[in-house]
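Thanks for coming. I have one structure to go through today, and I will keep to what can be computed from it.

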Amino acid sequence: MKLRTAAVTLAAGLGLADASIVTLALPQLLHDLSTTVQGVAAVLAVYTVVLAVALLPAEALARRIGPARAGAGGFALLAVASLVCGVSGSLPL
């Protein structure tokens, strides 16, 4: 039970850190992507919608394959998505 609590706490902490990093990066996004405030607002909106839409399927997946495997897959997906966003040179809207 302690391991499960630690895993949930770690996942919640990573979610909070991810959201904080996105918020702190907004001024740099404006500069690096040569975009407008509306473009950055669109990035935040899409980020929030994707996160919200992914929660229910992720929960269903965790029930089918187990929370440990679903969590590992989620972390891998986050890493790949972060890498793709990191190498993006522009904001095509």
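Let me begin at one residue: in which helix does glycine 86 lie? Glycine 86 lies in helix H4. Please keep in mind throughout that this is a predicted model.

Glycine 86 has a relative accessible area of 62%, so it counts as exposed. Between its C-alpha atom and that of glycine 74 there are 18 Å, with the two glycines 12 residues apart along the chain. Glycine 74 will come up again when I get to the pocket.

Now the overall picture. The chain contains four helices and zero strands, and the pattern along the sequence reads α-α-α-α. Taken along the principal axes, the C-alpha atoms fill a box of roughly 45 × 20 × 20 Å. The chain has 93 residues, and 8% of them count as buried. Its accessible surface is about 7300 Å², with 75% of that belonging to carbon and sulfur atoms.

Next, the surface. Which residues form the nonpolar patch? They are Leu10, Leu14, Phe75 and Leu78, and together they have about 350 Å² of accessible area. Two helices, H1 (2-24) and H4 (67-86), each supply at least two residues of this patch. Leucine 10, for one, is found in helix H1.

Staying with helix H1, I turn to valine 22, which is also found there. Is valine 22 buried or exposed? Its relative accessibility is 17%, and the cut-off for buried is under 20%, so valine 22 counts as buried. Setting aside neighbours within four places in sequence, valine 22 is in contact with Leu44 and Tyr47. Tyrosine 47 is 25 residues away from valine 22 in sequence, while their C-alpha atoms are 9.2 Å apart in space.

Tyrosine 47 brings me to the pocket. How much space lies in the largest pocket? About 2100 Å³. The lining has 47 residues, and those closest to the centre are Asp18, Tyr47, Leu51, Gly74 and Leu78. So two residues named earlier return here: Tyr47, a contact of valine 22, and Leu78, a member of the nonpolar patch. Each of H1, helix H2 (26-32), helix H3 (37-65) and H4 supplies at least two residues of the lining. The largest share comes from H4, at 15 residues.

Last, the charged side chains. How many salt bridges does a search of the whole structure find? It finds one. The partners are glutamate 59 and arginine 63, and their closest N and O atoms are 2.2 Å apart. Both residues are in helix H3, and because they are four residues apart there, about one helical turn separates them.

How accessible are the two partners? Glutamate 59 has 36% relative accessibility, so it counts as partly exposed. Arginine 63, with a relative accessible area of 70%, is exposed. The cut-off for exposed is over 50%, which means that arginine 63 is above it at 70% and glutamate 59 is not, at 36%.

To recap: four helices and zero strands, a nonpolar patch to which H1 and H4 each supply at least two residues, a largest pocket of about 2100 Å³, and one salt bridge in the whole structure. That is what I have for today.

Key:
Residues numbered from 1 in each chain as written. Predicted model: local features only at pLDDT ≥ 70, side-chain atom pairs only at ≥ 80, totals over all residues. Heavy atoms only, no water. Patch = residues over 30% accessible without salt bridge, like charges linked within 9 Å, V, L, I, M, F, W, Y side chains within 5 Å. Areas by Shrake-Rupley, 256 points an atom, 1.4 Å probe, with all protein chains shown as cover. Salt bridge = Lys/Arg side-chain N within 4 Å of Asp/Glu carboxyl O. Buried < 20%, exposed > 50% of the residue type's maximum accessible area, 1.4 Å probe, protein only. Contact = heavy atoms within 4.5 Å. 1 Å grid on protein atoms, 1.4 Å probe; cavity = no way out; pocket = protein on both sides within 12 Å on 5 of 7 lines; lining within 4 Å. Points joined across faces, edges and corners; volume = space filled by probe spheres on them.
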